[in-house]
Amino acid sequence: MATEIKHTPGPWTVSGCRSDEGLLIEHGDAETFSPIIAEVKSDGARLPLTANARLIAAAPELLEAAKKTVAAFPSNKHPKCNCGHCMLRRAITKAEGTES
């Protein structure tokens with residue numbers, strides 16, 4: 001399942017800086033000035049802004065962990081299954097924009 005990385009590699013962090021209405025996701029660590037990856041906007045407090053920003057910032061590490069897990073425990077592909085292994089395969093496909 002080795003594919004070239006098409007996204008900005010991690011680490012991604014939630015910056016302490018708020019934009020006008022949200023939080024910034026930046027490439028790099030909190031100590032270094034980094035380019036902005038994304039901005040998570042607020043909808044007036046209905047959505048969990050900080051939790052959503054943290055989930056997005058964890059995406060590169062989650063994708064890497066999912067790929068390593070699927071590679072370590074190969075199984076038959078059965079896309080309609082909802083087992084954890086098949087869910088990981090679908091998540092990887094969604095993140096990479098590929099067909100498996």
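**Exercise 1. Proline 60 and its surroundings**

Task: Decide whether proline 60 is buried or exposed, then place it in the fold.

Solution.
Step 1. Proline 60 has a relative accessible area of 9%. The cut-off for buried is under 20%, so proline 60 is buried. The model is a predicted one.
Step 2. Proline 60 belongs to helix 2, which spans residues 59-72.
Step 3. Set aside residues up to four places away in sequence. Proline 60 then touches His7, Gly10 and Trp12.
Step 4. Take one of these partners, glycine 10. Proline 60 and glycine 10 are 50 residues apart in sequence, yet 5.4 Å apart in space, C-alpha to C-alpha.

**Exercise 2. Around glycine 10**

Task: State which form the peptide bond from glycine 10 to proline 11 takes, and locate proline 11.

Solution.
Step 1. Omega for this bond is near 5°. The bond from glycine 10 to proline 11 is cis.
Step 2. Proline 11 sits in the segment before strand 1, which covers 12-18.
Step 3. Look across to alanine 58, in the loop between helix 1 and helix 2. Its C-alpha is 8.4 Å from that of glycine 10, with their positions 48 residues apart in sequence.
Step 4. Alanine 58 has a relative accessible area of 27%, so alanine 58 is partly exposed.

**Exercise 3. The overall layout**

Task: Give the order of helices and strands along the chain.

Solution.
Step 1. The chain holds three helices and three strands.
Step 2. Read along the sequence, the pattern is β-β-β-α-α-α.
Step 3. The chain has 100 residues, and 25% of them are buried.
Step 4. Now take contacts between residues at least 6 apart in sequence. Of these, 30% join residues at least 24 apart.

**Exercise 4. The largest nonpolar core**

Task: List the residues of the largest nonpolar core and find which element gives the most to it.

Solution.
Step 1. The core has seven residues: Trp12, Leu23, Ile25, Val40, Leu49, Ala53 and Ala57.
Step 2. Two elements give two or more residues each: strand 2 (22-27) and helix 1 (49-57).
Step 3. Helix 1 gives the most, with three residues.

**Exercise 5. Two strand-side positions**

Task: Compare the settings of leucine 24 and serine 42, beginning with where each is found.

Solution.
Step 1. Leucine 24 lies in strand 2. Serine 42 is in the loop between strand 3 (36-41) and helix 1.
Step 2. Leucine 24 has a relative accessible area of 12%, so leucine 24 is buried. Serine 42 stands at 34%, so serine 42 counts as partly exposed.
Step 3. Leucine 24 and isoleucine 37 are 13 residues apart along the chain, and 7.6 Å separates their C-alpha atoms.
Step 4. Serine 42 and glutamate 21 are 21 residues apart along the chain, and 5.5 Å separates their C-alpha atoms.
Step 5. Leave aside neighbours within four places in sequence. Serine 42 is in contact with Glu21, Gly22 and Leu49.

**Exercise 6. Helix 1 against helix 2**

Task: Classify the crossing of helix 1 and helix 2, and describe the contact by residue class.

Solution.
Step 1. The two axes come within 5 Å and cross at roughly 50°.
Step 2. This angle makes helix 1 oblique to helix 2.
Step 3. Helix 1 contributes Leu55, Ile56 and Ala57 to the contact. Helix 2 contributes Ala59, Pro60, Glu61 and Leu62.
Step 4. By class, the contact has six nonpolar residues, no polar ones and one charged.

**Exercise 7. Cysteines and a histidine**

Task: Explain why cysteine 83 forms no bond with cysteine 81.

Solution.
Step 1. The sulfur of cysteine 83 is 3.4 Å from that of cysteine 81, its closest cysteine sulfur. A disulfide needs the sulfur atoms within 2.5 Å. The gap is therefore too far for a bond.
Step 2. The disulfide count is zero.
Step 3. Cysteine 81 has 24% relative accessibility and counts as partly exposed. Cysteine 83 is also partly exposed, at 27%.

Task: Find where histidine 85 is located and what it touches.

Solution.
Step 1. Histidine 85 is in helix 3, residues 84-96.
Step 2. Its relative accessible area is 14%, so histidine 85 is buried.
Step 3. Not counting residues up to four places away in sequence, histidine 85 touches Val70, Phe73, Pro74 and Ser75.

Terms used
Residues numbered from 1 in each chain as written. Predicted model: local features only at pLDDT ≥ 70, side-chain atom pairs only at ≥ 80, totals over all residues. Heavy atoms only, no water. Helix = DSSP H or I, 4+ residues; strand = E, 2+ residues; numbered from the N terminus. Core = buried A, V, L, I, M, F, W, Y, C linked by side-chain atoms within 4.5 Å. Buried < 20%, exposed > 50% of the residue type's maximum accessible area, 1.4 Å probe, protein only. Axes fitted to C-alpha atoms, helices over the stretch in contact; angles between N-to-C directions. Parallel < 35°, antiparallel > 145°, perpendicular 65-115°, else oblique. Contact = heavy atoms within 4.5 Å. Nonpolar A, V, L, I, M, F, W, Y, C, P; charged D, E, K, R; others polar.
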